[in-house]
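Hi everyone, thanks for making time. I'd like to walk you through some side-chain contacts and a bit of surface, so please have a look at this one with me.

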Amino acid sequence: MKKVFKVGVIVLILGVILLGIGFFNNGNKAVYFENNRPAIFHSHTKTISTNKAFERIDISASTANVIVREGKKYQITYSGISKHTPAVTVHNNVASIRQNWWLSACL
């Protein structure tokens, strides 16, 4: 029985050491596949609109997670893994966000 506890303590100590190494090397990183090759997820955030006022939003994108927040200025920000940002136009108080079908296939 003492042998099992000794092995358990050794495994626990090794686990804590490996946990510390992983923590100091930025831990678990999200991975996605680009052209059937794994790549580490680096989020790109980019402001893609001018500060023109708009009242409605028209989105044409096959894959989109949209978050609308109240604020003091008008701004559209894109955050994702692809560097290809959607096109944004503001016309007649309508913000139109367009993403080409081939851009969504890259995601």
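Let's begin with the aromatic pairs: there are 2 of them in this structure, which is a predicted model. One of these is formed by Phe-23 and Phe-24, in an edge-to-face arrangement, with the ring centres 5.4 Å apart and 75° between the planes. Are those two rings buried or exposed? Phe-23 has a relative accessible area of 61%, so it counts as exposed, given that the cut-off is over 50%. Phe-24 comes out at 69% and is exposed as well.

Staying with nonpolar side chains, which residues make up the surface patch? They are Val-9, Ile-10, Ile-13, Leu-14, Ile-17, Leu-18 and Ile-21, and together they offer about 670 Å² of accessible area. Take Leu-18 from that group: it sits in helix H1, residues 2-24. Its relative accessible area is 59%, so Leu-18 is exposed.

Now for the charged side chains. Opposite charges on side chains can pair when the charged atoms come close. How many salt bridges does the structure hold? Just 1. Asp-58 and Arg-98 make that contact through their side chains, at 2.7 Å from N to O. The partners come from distant parts of the chain, 40 residues apart: Asp-58 belongs to strand S4 (residues 56-60) and Arg-98 to strand S7 (residues 94-98). As for exposure, Asp-58 has 32% relative accessibility, so it is classed as partly exposed. Arg-98, at 37%, is partly exposed too.

That's my tour, and I'm happy to take questions!

Notes:
Residues are numbered from 1 along each chain as its sequence is written. This is a predicted model: local features need pLDDT of at least 70, side-chain atom pairs count only at pLDDT 80 or more; totals for chains, interfaces and linings use all residues. Side-chain values use heavy atoms; hydrogens and water are left out. A salt bridge is a side-chain nitrogen of Lys or Arg within 4 Å of a carboxyl oxygen of Asp or Glu. Helices (H or I, at least four residues) and strands (E, at least two) are DSSP runs, numbered from the N terminus. Buried means under 20% relative accessible area, exposed over 50%, partly exposed in between (1.4 Å probe, protein chains only). Rings of Phe, Tyr and Trp (its six-membered ring) pair if their centres lie within 6.5 Å; planes under 30 degrees apart count as stacked, over 60 as edge-to-face and the rest as tilted. Patches are made of residues with over 30% relative accessible area and no salt bridge: like charges are joined within 9 Å, nonpolar side chains (Val, Leu, Ile, Met, Phe, Trp, Tyr) within 5 Å. Accessible areas come from the Shrake-Rupley method with a 1.4 Å probe; for residues, only the protein chains shown count as cover.
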